[in-house]
Amino acid sequence: MKTFQLDPIPGSEITPESVYKRRHLLMGTVGGLLVAGCARSEPAAPTEATAAEAPAEEALTTFQHATNYNNFYEFGTGKDDPARYAHSLITSPWTVEIAGLAETTGRFDLADIVKLAPVEERIYRLRCVEGWSMVIPWMGIELGKVLAHFKPLADAQYVAFTTLADPKQMPGIRSRVLDWPYVEGLRLDEAMHPLTILATGMYGRDTLENQNGAPLRLVVPWKYGFKSIKSIVRIEFTKRRPPTSWNRSQPSEYGFYSNVNPGVDHPRWSQKTERRLAGDTNLLFAKRIPTRLFNGYDQVASLYSDMNLRKYF
Ligand SMILES: Nc1nc2c(c(=O)[nH]1)N[C@H]1C(S)=C(S)[C@@H](COP(=O)(O)O)O[C@H]1N2
Ligand SMILES: [Mo]
């Protein structure tokens, strides 16, 4: 398929300087923890946490933990498998196919997509349905602005995402734990919410580690971690609700919405509390803290005001 050139956007809309300055602010110590790989001589400045971010007093997960305790079944089901095996993933060149109900569709270079909507660093809580959570500083682009660029048609109500599935690069897909490729989806209004980003880097670095879903990975902070699909090669606007990998494999355990909700337990794991992997404690000694509705991102509540969250879990 042909690779199209995206319209260039005026330089004034991109502010690399402000992004860089803000990054500097966050580089010193955050919550008393030196951010991995980002030691600077400047004194730590207070970070003005916006509503979009985890409060500054929440200690970051170390880079070490965030890149060595992963779920990425394409590289194996063990938590250390992705760090061990994901080096075989080739992340450049990388194209993303934009398909379905939009005015502009086709295959685009990732580099061109990234220019569309850079965001300042976002520190987000990530809550896995298995009961652990992390606090991770992401670099990336706002999904809603990227999608708007392709002009979704009036019929588009959902967005479907697909991960690469190449057995030559991904040893885990020889196993049938899931149907490959890994697929995920959001309602269009969830996808357009300003909290939703596509991550392209982390911890002040402008690339992701392969085990975290390089080179392009969804981050929806108010939903369980499995909605944050990694290594995306295709984004499609659809009229109907798209299938999602975990829902397809265990529909009674994983719903389409999968909003973090301490009031709705997973049949095998209570969702009332979580073990926070932060600072240098390992999981065994990690503090158990209460899980919050929508992972604490109350600003998304209005997306679900007319829904029974027990039914639409
Ligand atoms: N393609 C793909 N994306 C995926 C997964 C996966 O197995 N394959 N695992 C999900 C799960 S269950 C979680 S908790 C998060 C983990 O992200 P992290 O390893 O960057 O912390 O990735 C999600 N995205
Ligand atoms: Mo997860």
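## A tour of the predicted model

Begin by selecting Ile229, which sits in the loop between β11 (217-219) and β12 (232-238). Keep in mind as you go that this is a predicted model. Is Ile229 buried or exposed? Its relative accessibility is 1%, so Ile229 counts as buried. Show what surrounds the residue, setting aside neighbours within four places in sequence, and you will find Phe161, Thr162, Thr163, Tyr182, Val183, Glu184, Arg217 and Leu218 in contact with Ile229.

**The annotated site**

Ile229 also appears in the UniProt record, where an unreviewed entry lists it under "binding site" together with Asn70, Tyr73, Glu74, Cys128, Thr163, Asn212, Arg217, Ser228 and Lys230. Select that set, then center on Cys128. Cys128 lies in the loop between β6 (118-127) and β7. With a relative accessibility of 7%, Cys128 is counted as buried. Beyond residues up to four places away in sequence, Cys128 touches Asn71, Tyr224 and Gly225.

**Into the nonpolar core**

Now widen the view. How many residues does the largest nonpolar core have? It has 78, and the residues with the most contacts inside it are Trp138, Phe161, Leu218, Trp222, Phe237 and Tyr304. Strand β7 (residues 132-142) gives the most to this core, contributing five residues. Two of those well-connected residues, Phe161 and Leu218, were among the contacts of Ile229.

Pick Trp222 next and display its surroundings. Leaving out neighbours within four places in sequence, Trp222 is in contact with Glu190, His193, Leu195, Thr196, Asn259, Val260, Phe294, Asn295, Tyr297, Val300, Leu303 and Tyr304. Tyr304, at the end of that list, is itself one of the residues with the most contacts inside the core.

From here, move to Leu143 in helix α5 (residues 143-149). Its relative accessibility is 0%, so Leu143 counts as buried. Not counting residues up to four places away in sequence, Leu143 touches Phe161, Leu186, Ala191, Thr196, Ile197, Leu198 and Leu218. Draw a C-alpha to C-alpha distance from Leu143 to Ala199: the two are 9.2 Å apart in space and 56 residues apart in sequence.

Thr200 is a good next selection, in strand β10 (residues 197-202). At 13% relative accessibility, Thr200 counts as buried because the cut-off is under 20%. Apart from neighbours within four places in sequence, its contacts are Val114, Met139, Gly140, Asp206, Thr207, Leu208, Pro215 and Leu216.

**Charged pairs**

Time to look at charges. Side chains of opposite charge can pair when their charged atoms come close. Across the whole structure, a search finds 19 salt bridges.

Select Arg276 in strand β13. Arg276 makes a salt bridge with Glu58, with the closest N and O atoms 2.9 Å apart. This pair links distant parts of the chain: Arg276 is in strand β13 (residues 273-277), while Glu58 is in the loop between β3 (33-34) and α2 (63-66), 218 residues apart. Both Arg276 and Glu58 are buried; for Arg276 the relative accessible area is 11%.

Stay on Arg276 and show polar contacts. Besides the 2.9 Å contact with the side chain of Glu58, a 3.2 Å polar contact joins the side chains of Arg276 and Glu274. Which residues form the network of salt bridges around here? Glu58, Arg125, Arg127, Glu274 and Arg276 are linked in it. The wider contacts of Arg276, residues up to four places away in sequence aside, are Glu58, Arg125, Ser133, Met134, Val135, Thr281, Ala286, Lys287 and Ile289.

Two further salt bridges are worth a stop. In one, the side chains of Arg268 and Glu253 meet at 2.7 Å, N to O. Both Arg268 and Glu253 belong to the loop between α7 (245-249) and β13, 15 residues apart. Glu253 is buried, with a relative accessible area of 14%. In the other, Arg84 and Asp80 meet at 3.6 Å, N to O. Here Arg84 is partly exposed, at 45% relative accessible area, and Asp80 is partly exposed too, at 41%.

**Last stop: confidence**

Finish by coloring the model by pLDDT. The protein averages 86, and 82% of the residues score at least 70. Then select residues 7-51, where the pLDDT is below 50; beyond near neighbours in sequence, this stretch has 59 contacts in the model.

How values were computed. Residues are numbered from 1 along each chain as its sequence is written. Chains are lettered from A and ligands numbered from 1 in the order in which they are written. This is a predicted model: local features need pLDDT of at least 70, side-chain atom pairs count only at pLDDT 80 or more; totals for chains, interfaces and linings use all residues. Side-chain values use heavy atoms; hydrogens and water are left out. Helices (H or I, at least four residues) and strands (E, at least two) are DSSP runs, numbered from the N terminus. Buried means under 20% relative accessible area, exposed over 50%, partly exposed in between (1.4 Å probe, protein chains only). Contact means heavy atoms within 4.5 Å. A nonpolar core is a set of buried Ala, Val, Leu, Ile, Met, Phe, Trp, Tyr and Cys residues joined through side-chain atoms within 4.5 Å. UniProt positions are given in the numbering used here, feature names are shortened, and annotations may be inferred rather than shown by experiment. A salt bridge is a side-chain nitrogen of Lys or Arg within 4 Å of a carboxyl oxygen of Asp or Glu. pLDDT is the predictor's confidence in each residue, from 0 to 100. A polar contact is a pair of N or O atoms within 3.5 Å; within protein, one must be able to donate a hydrogen and the other to accept it, and residues adjacent in sequence count only if both atoms are side-chain atoms.
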